[in-house]
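Me: Could you walk me through how the ligand is held here? I'm new to this one.
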Amino acid sequence: MLILKPADIPSSEITPESIYLNRRQFMGRSLLAASVLTIGKQALAETDMALRDLSFKPVTKDKASGYYTDETLTPYEDVARYNNFYEFGTGKGDPAKYAHELTTDPWSIKVEGHVEKPGEYALEDILAKLDIEERVYRLRCVEAWSMVIPWVGFSLASMIQQFQPTAKAKYVQFETLYRPKEMRGQRSRTSSIDWPYVEGLRMDEAMNPLSFMATGLYGKQLPNQNGAPLRLVVPWKYGFKSIKSIVKIRFVEREPATTWNMLQASEYGFYANVNPDVDHPRWSQKSERRLPSTLFSPNRILTEPFNGYGEQVASLYKGMDLSKFY
Ligand code: MTE
């Protein structure tokens with residue numbers, strides 16, 4: 001990543017899960033009241049206040065599925081204020097500062113490649129056919145910090161099925177919006193990223209039940225800085241696989257190009273599975289700072305293989321040398 005050693009972020013007050021869960025009972029009441037309940041005393045940016053409450057099936061507290069963890073949730077303030085979204089700058093605070101400049105409505109998604117139903121789809125038409133649900137996932141960044149986030153969205157597999165991929169579709173590539181007028185990082189002359197941001201998954205990874213498309217978090221629409229209106233969440237892979245603000249999905253036969261791999265192949269592989277046994281060439285991946293984390297209270301925990309989702313996904317990589325396919 002461009003940032004070698006992420007700076008410690010100031011501590012935030014933790015929103016106890018009980019407060020968040022109780023909050024669901026208030027769905028439908030005034031947005032302001034709901035926001036205050038969720039986020040407590042922290043000041044909310046005006047843009048976040050305007051985010052709509054979503055309706056969704058609350059998470060089932062079944063840890064075996066991998067859809068749920070009872071670990072302490074990372075407070076909303078950290079989830080929405082400490083971001084990587086290089087289209088808006090390289091600083092962790094840049095996305096929260098500048099992502100409101102992006103227009104996310106109307107939004108459509110182009111579907112290309114080996115599918116029976118290619119075309120350009122309005123996001124609302126895709127969503128209308130899907131069951132919207134909640135999942136509580138860990139997200140582990142390659143920079144060795146992590147969060148626990150209550151996402152709202154749908155399984156990636158359920159969306160892919162709508163487009164009917166053919167037998168030739170072995171991989172799926174995702175692409176982020178390219179709109180330099182509204183994304184100041186794309187206007188930057190110092191950026192080494194070749195826009196648009198692209199990511200990819202093997203087809204069986206994409207169809208795994210854990211792979212998720214998020215439209216919201218903490219019960220509300222995604223803040224722009226977290227990838228509105230639609231972003232991928234692949235909880236057993238490093239965070240950079242979880243591409244934001246997707247406008248194109250391409251079904252292909254060969255392993256597709258991915259942004260970080262193109263930038264520095266020796267450091268960022270295509271697979272990018274969370275793996276404490278394979279260090280990044282410049283730092284260890286054995287442990288992580290669970291946010292919120294400060295210099296005095298680093299909240300450091302050991303990193304688990306596949307970010308703790310080995311039971312659900314390890315079989316996808318049977319027989320593969322994971323130090324070679326990193
Ligand atoms: N998607 C796009 N389009 N651009 C980005 O810069 N950063 C990635 C990923 N998705 C990124 C992106 C990285 S490095 C991480 S760690 C996660 O988004 C961060 O997600 P969050 O800011 O919602 O925590």
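Reply: Sure. A polar contact is a pair of N or O atoms within 3.5 Å; within protein, one must be able to donate a hydrogen and the other to accept it, and residues adjacent in sequence count only if both atoms are side-chain atoms. Residues are numbered from 1 along each chain as its sequence is written, and side-chain values use heavy atoms, leaving out hydrogens and water. The model is predicted, so local features need pLDDT of at least 70, side-chain atom pairs count only at pLDDT 80 or more, and totals for chains, interfaces and linings use all residues.

Me: Which residue has a backbone N or O atom 2.9 Å from a nitrogen atom of the ligand?
Reply: Look at the backbone here, not a side chain. The ligand's nitrogen atom has a backbone N or O atom 2.9 Å away, and that atom belongs to Ser 242.

Me: How far is the side chain of Lys 244 from an oxygen atom of the ligand?
Reply: The side chain of Asn 226 puts an N or O atom 3.0 Å from a ligand oxygen. For Lys 244, the distance from a side-chain N or O atom to an oxygen of the ligand is 2.7 Å.

Me: How much of the ligand's accessible area does the protein cover?
Reply: Accessible areas come from the Shrake-Rupley method with a 1.4 Å probe; for residues, only the protein chains shown count as cover. On its own the ligand has 530 Å², and the protein covers 100%.
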